[in-house]
Amino acid sequence: MSKFNIFVATEEHLEYVDVVLNAIAEAAKVRGTGIAKRSPEYIQKKMEERKAILALHKGEFAGFCYIETWGHDKFVANSGLIVVDKFRANGLAKAIKSKAFELSRERYPQAKIFGLTTGLAVMKINSDLGYRPVTFSELTDDEQFWKGCQSCVNYDILVRTERKHCLCTGMLFDPMKATQANGKKTLNMLSRLRDAVRKSDGKIGKTLKSLTALF
């Protein structure tokens with residue numbers, strides 16, 4: 001992964017706007033499934049706001065992703081993930097997605113992070129980051145977000161089902177639930193450590209008993 005430069009884009013990288021848009025358009029044709037179209041102004045704004053992740057290989061465009069807030073910053077979407085075909089199978093998609101996730105957590109630590117995807121690979125990446133599949137009702141109810149789906153070829157499905165489901169799978173990372181889950185894991189680990197200490201003998205056992213007495 002060291003051969004790729006993955007970073008938060010700024011106004012210094014506006015030269016890549018058209019390249020990003022072309023890559024998204026080509027990916028939509030190949031997949032035959034929905035990728036919401038974005039205008040040059042939209043991608044430019046993302047870079048200027050430092051809400052876009054850009055991946056380069058020796059200066060050549062390799063991948064992209066951006067973040068957007070909804071519902072008064074209560075939700076953050078990581079969207080527009082794209083990797084150029086010749087750079088696939090290098091773990092680049094996961095690296096870009098992880099960088100976008102990191103940026104989201106840094107700028108909006110209390111927000112729920114979500115995404116819509118039809119790709120199994122992206123679902124796996126999301127799952128590794130702590131996302132879980134959810135119904136659309138658990139995602140943002142911000143109408144502006146859902147209007148963004150209008151440019152998708154599958155939008156009619158979303159309308160017919162009254163926004164209950166579509167070809168995309170909704171996935172959500174809830175920081176509150178993640179914190180609670182980590183707390184339970186820590187308590188379970190300490191509990192197992194105490195049990196092991198009670199069964200131990202000798203100097204090592206005495207040392208461990210002294211340490212666990214602190215918890």
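Which residue stands opposite Leu172 in S7? In this predicted model, the residue facing Leu172 is Arg132. The two strands involved, S6 and S7, run antiparallel and are joined by three bridges. This pairing belongs to an open sheet of seven strands, and a walk across that sheet is a convenient way into the rest of the structure.

The strand order is S1-S2-S3-S4-S5-S7-S6, and the pairing is mixed. Strand S1 (5-8) and strand S6 (132-134) form the edges, each pairing on one side only. From one strand to the next, the twist averages 25 degrees. Two helices can be placed against this sheet. H2 packs on it through contacts with S2 and S3, and the direction of H2 makes about 85 degrees with that of S3. H4 also packs on the sheet, where it touches S4, strand S5 (112-117) and S7; here the angle, taken between H4 and S7, is about 20 degrees.

The run from S2 to S4 is built from hairpins. S2 and S3 are antiparallel, with six bridges joining them, and Leu54 stands opposite Phe64 in S3. Two residues lie between these strands, and in the turn Lys58 has a positive phi of about 55 degrees. S3 then pairs with S4, again antiparallel, this time through seven bridges. Trp70 is found opposite Phe75 in S4. The hairpin of S3 and S4 has four residues between the strands, and Gly71 takes a positive phi near 60 degrees. S3, which takes part in both hairpins, is mostly covered, with ten of its eleven residues buried.

Individual residues on these strands show what the coverage looks like at close range. Ala55 lies in strand S2, and its relative accessibility of 0% is why it counts as buried. The contacts of Ala55 include Asn5, Ile6, Phe61 and Ala62, together with Leu92 and Ile96. The C-alpha atoms of Ala55 and Ala93 are separated by 9.6 Å, although the two residues are 38 residues apart along the chain.

On S4, two residues deserve a look. Asn78, found in this strand (residues 75-83), is buried because its relative accessibility is 4%. Beyond its neighbours in sequence, Asn78 touches residues including Cys65, Tyr66 and Ile67, as well as Lys97, Ala100, Phe101 and Ser104; Tyr131 is also among its contacts. Phe75, in S4 too, has a relative accessibility of 13% and therefore also counts as buried. Among the residues that Phe75 touches are Glu68, Trp70, Phe114, Leu139 and Leu172. The C-alpha atoms of Phe75 and Ser104 are 9.8 Å apart, with the residues separated by 29 positions along the chain.

Several of these contacts lead to H3. This helix has 16 residues and reaches 23 Å from its first C-alpha to its last, close to the 22 Å expected at 1.5 Å a residue. Its buried residues are Leu92, Ile96, Lys97, Ala100, Phe101, Leu103 and Ser104. Of these, Leu92 and Ile96 are contacts of Ala55, whereas Lys97, Ala100, Phe101 and Ser104 are contacts of Asn78.

The largest nonpolar core draws these pieces together. It holds 25 residues, of which Ile6, Ile53, Leu92, Ile96 and Tyr131 touch the most other members. The elements giving two or more residues to this core are strand S2 (52-57), strand S3 (60-70), S4, helix H3 (92-107), helix H4 (120-129) and strand S7 (169-173). H3 supplies the largest share, five residues. Apart from this core lies another, of 19 residues, among them Phe7, Val17, Ile24 and Phe61. Phe61 also appears among the contacts of Ala55.

Finally, helix H2 (residues 40-48) has a clear sidedness. Tyr42, Ile43, Lys46 and Met47 are its buried residues. Seen down the axis of H2, these buried residues fall within an arc of 135 degrees, so they line one face of the helix. After H2 comes Arg50, with a positive phi near 60 degrees.

Key: Residues are numbered from 1 along each chain as its sequence is written. This is a predicted model: local features need pLDDT of at least 70, side-chain atom pairs count only at pLDDT 80 or more; totals for chains, interfaces and linings use all residues. Side-chain values use heavy atoms; hydrogens and water are left out. Buried means under 20% relative accessible area, exposed over 50%, partly exposed in between (1.4 Å probe, protein chains only). Contact means heavy atoms within 4.5 Å. A nonpolar core is a set of buried Ala, Val, Leu, Ile, Met, Phe, Trp, Tyr and Cys residues joined through side-chain atoms within 4.5 Å. The expected span of a helix is 1.5 Å times one less than its number of residues. Two strands pair if DSSP finds at least two bridges between them. The arc is that of the directions from the helix axis to the C-beta atoms. Axes are lines fitted to C-alpha atoms, for helices over the stretch in contact, and angles run from 0 to 180 degrees between N-to-C directions. Lists of a residue's contacts leave out its neighbours within four places in sequence.
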